[in-house]
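Biologist: I should like to learn how to read a protein structure, feature by feature. Could we work through one together?

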Amino acid sequence: MTAPSTFGLSTEARNLHWLLSNLVEEVPGVRSVTVVSSDGLMLLSSDPGHHAVKEAGPSDGPKGSSADLATIVSGIGSLTVGAAKLMDGGGVKQTMVAMDEGSVFVMSISDGSLLGVHATPDCDMSVVAYHMALFVGRAGHVLTPELRSELRKSMESTQ
């Protein structure tokens, strides 16, 4: 599926939308996906009910919304960075939280940006992690400060 509101975006922004769409559509068990900037702002997300990538905007509801996933990803990212500092563990690459009814994965992209995935309880965790690593490898060099700024401005214009 193509992302709504990608008209007028740079090639890099459209490619990032495509990569996120591909992650949602191709990986079994993925419920929703978000990209969060280092300051906790949602840059891009999937639509939890429709498996279409959309720019950040008003949420469809408080529970399970894209905004909730972005908040959770940002919080987990901050917590694990703090823990790694306390433990002299170096940079945090990936965090996974397994719950009875699903899993949340958080992976560093670049400059503090994070990729977050909410998946079903029966997902193959290694497959999800592998595809997240592919996304990070492809998107990491593209997610420049200029692109983050473009995505933020695009997000603001949809609200």
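Modeller: The discussion below takes the overall layout, then the strands, the helices, one unusual residue and the largest pocket. Please keep in mind that this is a predicted model.

Biologist: Which helices and strands should I look for, and in what order do they come?

Modeller: The protein chain has 4 helices and 6 strands. Starting at the N terminus, the elements follow the order α-β-β-β-α-β-β-β-α-α. Of the 159 residues in the chain, 45% are buried.

Biologist: How are the strands joined to one another? Let us begin with strand S4 and its partner.

Modeller: Strand S4 (94-99) is antiparallel to S5, and 6 bridges join the two. Val97 stands opposite Val104 in S5. These two strands form a hairpin, with 2 residues between them.

Biologist: What does strand S5 pair with on the way to S6?

Modeller: Strand S5 (residues 102-108) runs antiparallel to S6, again through 6 bridges. In this pair, Met107 has Leu115 of S6 as its bridge partner. The hairpin of S5 and S6 has 5 residues between the strands, and Asp111 there takes a positive phi near 45°.

Biologist: Which further strand is joined to S6?

Modeller: Strand S1 (residues 30-36) is joined to S6 by 6 bridges, and the two run antiparallel. Val30 has Ala119 as its bridge partner in S6. Strand S6 is thus bridged to S5 and also to S1.

Biologist: Is strand S6 largely enclosed or open, and why?

Modeller: A residue counts as buried when its relative accessible area is under 20%. In strand S6 (residues 114-119), 5 of the 6 residues are buried, so the rest of the structure largely encloses this strand. Val117 is a residue of S6, and its relative accessible area is 0%, so Val117 is buried. Val117 also shows how the fold brings parts of the chain together: Ser32 is 85 residues away in sequence, yet the two C-alpha atoms are 5.9 Å apart in space.

Biologist: Let us turn to the helices. How should I read which way the residues of a helix point?

Modeller: An α-helix has 3.6 residues a turn, so residues three or four places apart point the same way. Consider helix H2 (66-86). Its buried residues are Ser66, Leu69, Ala70, Val73, Ile76, Gly77, Thr80 and Ala84. Seen down the axis of H2, these buried residues fall within an arc of 135°, so they line one face of the helix. The other side of H2 carries the exposed residues Thr71, Ser78, Leu79, Lys85 and Leu86.

Biologist: What is the span of H2, from its first C-alpha to its last?

Modeller: H2 has 21 residues and reaches 30 Å, close to the 30 Å expected at 1.5 Å a residue. Helix H1 (residues 11-26) has 16 residues and reaches 22 Å, close to its expected 22 Å. Among the buried residues of H1 are Leu16, Leu20 and Val24.

Biologist: Where do the buried residues of helix H3 lie around its axis?

Modeller: The buried residues of H3 (residues 125-139) are Val128, Ala129, Met132, Phe135, Val136 and Ala139. They cover an arc of only 120° around the axis, which puts them on the same side of H3. The face turned away from that buried side carries Ser126, Tyr130 and Gly137, which are exposed.

Biologist: How should I read a phi angle?

Modeller: Most residues other than glycine have a negative phi, and most peptide bonds are trans. Asp88 is not a glycine, yet its phi is positive, at about 50°. Asp88 comes just after H2, in the loop between H2 and S4. Its relative accessible area is 73%, so Asp88 is exposed.

Biologist: Finally, how does one find a pocket, and what lines the largest pocket here?

Modeller: Rolling a probe the size of a water molecule over the atoms shows where empty space is left. The largest pocket has a volume of about 200 Å³. It is lined by 18 residues, and those closest to its centre are Gly77, Ser78, Val81, Gly112 and Leu114. H2 provides the largest share of the lining, with 5 residues, while H2, S4 and S5 each supply at least two. By class, the lining has 5 nonpolar, 12 polar and 1 charged residues.

Key. Residues are numbered from 1 along each chain as its sequence is written. This is a predicted model: local features need pLDDT of at least 70, side-chain atom pairs count only at pLDDT 80 or more; totals for chains, interfaces and linings use all residues. Side-chain values use heavy atoms; hydrogens and water are left out. Buried means under 20% relative accessible area, exposed over 50%, partly exposed in between (1.4 Å probe, protein chains only). Two strands pair if DSSP finds at least two bridges between them. On a 1 Å grid over the protein atoms alone, a cavity is a set of points where a 1.4 Å probe fits but cannot get out, and a pocket is an open set with protein on both sides within 12 Å along at least five of seven lines; lining residues have an atom within 4 Å of a point. Grid points are joined across faces, edges and corners, and a volume is the space filled by probe spheres set on the points. Ala, Val, Leu, Ile, Met, Phe, Trp, Tyr, Cys and Pro count as nonpolar, Asp, Glu, Lys and Arg as charged, and the others, Gly among them, as polar. The expected span of a helix is 1.5 Å times one less than its number of residues. The arc is that of the directions from the helix axis to the C-beta atoms.
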